[in-house]
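Got your viewer open? Let's take a walk through this protein, one selection at a time.

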Amino acid sequence: MEFDCEGVRRLLGKYKFRDLTVEELKNVNRFYPHFRYSMDTYGNTYNIPVCFWILDSHPFAPPICFLKPTANMGIYVGKHVDAQGRIYLPYLQNWSHPKSVIVGLIKEMIAKFQDELPLYSLSSSDEARQVDLLAYIAKITEGVSDINSKSWTSNENKTVNKITVVGSGELAVACTLAISAKGIADKLVLLDFSEGTKGGTMDLDIFNLPNVEISKDLSASAHSKVVIITVNSLGSSESYLDVVQSNVDMFRALVPALGHYSQHAVLLVASQPVEIMTYVTWKLSTFPANQVIGIGCNLDSQRLQYIITNVLKAQTSSKEVWVIGEQGEDKVPIWSGQEVMSQSSQVQLSNR
């Protein structure tokens, strides 16, 4: 058989030392003219069925991705896949338009699943349970979620008392410092998704606080007892309501992953507008209502109590003073009608 030198050269287009290999094969053909060549890959090839749920806010929000196993396939629960087949990848967590695209997501998915195969063949006795799982996946892609991953939660109690703070702004750094100073956590994780280096998180890294980990990987939050969410896309020239949609898009990728890694945690929401984002967090996490708490106006109440007691030196119990209402311009201060404040203190307070 005549040796097709150009044809073999094209087949070996990605080889580092193509010309040397072609010469070697040409020599083989000289001694064994009936030798046939074909191009293939080493190892097994798997066809992994995946569903991409592209949201109405695409491309600014990442798609939600699920494995779609057939009835004779089971799911390996691990770092990147939960028991219902939802896929969690760094590419999804760090999604940013226009840098992030679906082609890039598929490439990362292939790379990750080559290292950690997400599916396996079921025995006949397991196939009935797989039918229920497939029904669940059909529901979740319609926006319904009420099942938690039992395999992942079996390891939830590895850390006695772990707290995760999500964000890189002043509030996130303040929370991290306060929790560390009070010593109320055995382990503290700060998830910083900002690009480049920010002063606050850089200082935390420099000081190397004990039991504090700074990470960009959401899996670092696994098995937390409390997750404090402080991230915002709020710009200096925007109002709270101007950024609702962009914050919701960000939470669509963030909250389900946090819930996946810490399914018994209390989610404390400080992102703005806090009332809306607390509701969004509750819906996206599918947690019970008593596991999702918004800070509301508690911080403003504490500030007002401090001003009355320590700045104005008013003769009143500041514990009876509260700020209520929606965060922003619509909040108002109230205090018990039985409390009496001097005229000068009331004037000073109104001037502030």
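A residue is called buried if its relative accessible area is under 20%. With that cut-off, 41% of the 352 residues in the protein chain are buried. Keep in mind that you're looking at a predicted model.

Start with the whole chain in cartoon view. You'll find 12 helices and 12 strands. Now switch on the surface: the protein chain exposes about 20500 Å², and 54% of that comes from carbon and sulfur atoms. Contacts also reach across the sequence: among those between residues at least 6 apart, 64% join residues at least 24 apart.

Next, hide the surface and pick out a sheet. Which order do its 6 strands take? Reading across, the order is S7-S6-S5-S8-S9-S10, in an open sheet with parallel pairing. Select 212-215 and 292-294 to see the edges: these are strands S7 and S10, and each pairs on one side only. Look along the sheet and you'll see some twist, as neighbouring strands are turned by 20 degrees against each other on average, ignoring direction.

Now zoom in on strand S5 (residues 162-166) and strand S8 (residues 226-229). They pair in the parallel sense over 4 bridges. To see one pair of partners, click Val165, then find Ile228 in S8, its bridge partner.

Last stop: select residues 244-261. That's helix H9, which packs on the sheet. What does H9 touch there? Its contacts are with S5, S8 and strand S6 (187-191). Compare directions as well: that of H9 makes about 170 degrees with that of S8.

Key: Residues are numbered from 1 along each chain as its sequence is written. This is a predicted model: local features need pLDDT of at least 70, side-chain atom pairs count only at pLDDT 80 or more; totals for chains, interfaces and linings use all residues. Side-chain values use heavy atoms; hydrogens and water are left out. Helices (H or I, at least four residues) and strands (E, at least two) are DSSP runs, numbered from the N terminus. Buried means under 20% relative accessible area, exposed over 50%, partly exposed in between (1.4 Å probe, protein chains only). Contact means heavy atoms within 4.5 Å. Accessible areas come from the Shrake-Rupley method with a 1.4 Å probe; for residues, only the protein chains shown count as cover. Two strands pair if DSSP finds at least two bridges between them. Axes are lines fitted to C-alpha atoms, for helices over the stretch in contact, and angles run from 0 to 180 degrees between N-to-C directions.
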